[in-house]
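Please work through the following exercises with the sequence and the model side by side. Each task is followed by a solution that proceeds in steps.

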Amino acid sequence: MGQSAGHAPTNKEQLLKRIMTALKSGTLELPSLPDIALDVRVAASQENLNIEDLARVVQQDPGLSAYLLKVSISSHYKRRHATNNLGSALRRLGLDATRDLTASYALKTLFCINDSQIKRLLREIWQRSVYTAALAHVMARHCGFDPDRALLGGLLQDIGALPLLSNLKEYPTLLDDPAGVDDLLNNYTGKISALVLNHWQFDHELVAVGLERGNWLRDKQGPADLADLVLVARYHSYLGEPSHKKLPPLSSLPAFQKLKLGEIGPEQGLAFLREAQQEIDELRSALS
């Protein structure tokens, strides 16, 4: 619909036009995957890889090394005996998990922007992603998905918010309109997340996780997929918040029906997640 004569476009309309034009022309500035994640991905893809060579790549980032050592003795890997040897830890994890966990760890750096205008928003978005990822990790074991891949999917789904918020800085008055910002993020983050994940050469399954972010009534033909799992995990991240009242009932979500995750508890969420609260809290702490 065209604008009426004499109507000056609002800042929100200007921003949306700018983003849509950049999307269509392929000129939207997208974030880069952190170098350590790329280095580990390349190393892990090599044939006949020596685990000690992979350990040397990981050791470039002391924080990542500590994170992988900690994860390797978590309850998921059924190892409670600590090891200070990174090579041993990586053998426990395996190449695929090391690659995915490295990407999960590295994503946090992208949300740590020292810009007072958007710092709070980025932190809130990252905390939501972390909570969703922790829930998805626990839920994955109950329905036959790879928990570490589910964790990564949960962390990746909001990556499209970064270019949105970068453009938002050009329209500072919009930052005083929380409802307008929420509307912008809800309508465009999923589409841009899919673009970013394609740009980073993630596979179709993870691209779909980003694209379907918040699409509560998604009903893809066939069995449940990773996007369904992360969608239900994200739903649970809203429980207990006022915004939960705006969501459809959990039992009405096609994704929930396909996953067959069990009974809904009195808090309108999955009952078994209450029993896994300690594990969820540990994962959130490790990534926050």
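**Exercise 1.** In this predicted model, determine which residues of α4 are buried, where they lie around the helix, and what covers them.

*Solution.* Begin with the list of buried residues in α4, which consists of L64, S65, Y67, L68, V71 and S72. Next, consider their directions from the helix axis: because these residues cover an arc of only 165° around it, they are on the same side of α4. Finally, look at what lies over them, and the cover is found to include α2, α3, α5 (86-93), α6, α8 (147-156) and α15 (277-287).

**Exercise 2.** Carry out the analysis for α2, and state which helices its buried residues pack against.

*Solution.* Helix α2 runs over residues 35-44, and its buried residues are I36, A37, V40, R41, A43 and A44. They cover an arc of only 165° around the axis, and therefore sit on the same side of α2. The packing partners of these buried residues are α3 (51-58), α4 (62-72) and α6 (95-110).

**Exercise 3.** Decide whether T132 is buried or exposed, and identify the residues that it touches.

*Solution.* First locate T132, which belongs to helix α7, spanning residues 119-142. Then take its relative accessibility: the value is 0%, and because buried means under 20%, T132 counts as buried. Leaving aside residues up to four places away in sequence, T132 touches G154, Q157, V230, A233, R234 and S237.

**Exercise 4.** Compare the radius of gyration of the chain with that of a compact globule, and describe the fold and its contacts as a whole.

*Solution.* Start with the secondary structure, for which the chain has 15 helices and zero strands. A compact globule of 288 residues would have a radius of gyration near 19 Å, and since the chain has 20 Å, the two agree. Along its principal axes, the C-alpha trace spans about 70 × 45 × 35 Å. As for the interior, buried residues account for 50% of the 288 residues in the chain. Turning to contacts between residues at least 6 apart in sequence, 67% of them join residues at least 24 apart.

**Exercise 5.** Describe the exposed area of the chain and the placement of its charged side chains.

*Solution.* The area that the chain exposes is about 14,500 Å², of which carbon and sulfur atoms supply 50%. For the charges, count 32 positive and 33 negative side chains, and then locate the centre of each set; these two centres lie 2 Å apart.

Definitions and conventions
Residues are numbered from 1 along each chain as its sequence is written. This is a predicted model: local features need pLDDT of at least 70, side-chain atom pairs count only at pLDDT 80 or more; totals for chains, interfaces and linings use all residues. Side-chain values use heavy atoms; hydrogens and water are left out. Buried means under 20% relative accessible area, exposed over 50%, partly exposed in between (1.4 Å probe, protein chains only). Helices (H or I, at least four residues) and strands (E, at least two) are DSSP runs, numbered from the N terminus. The arc is that of the directions from the helix axis to the C-beta atoms. Contact means heavy atoms within 4.5 Å. The radius of gyration is taken over C-alpha atoms; the globule rule is 2.2 Å times the number of residues to the power 0.38. Accessible areas come from the Shrake-Rupley method with a 1.4 Å probe; for residues, only the protein chains shown count as cover. Lys and Arg count as positive and Asp and Glu as negative; His and the chain ends are not counted. The place of a charge is taken as NZ of Lys, CZ of Arg, CG of Asp or CD of Glu.
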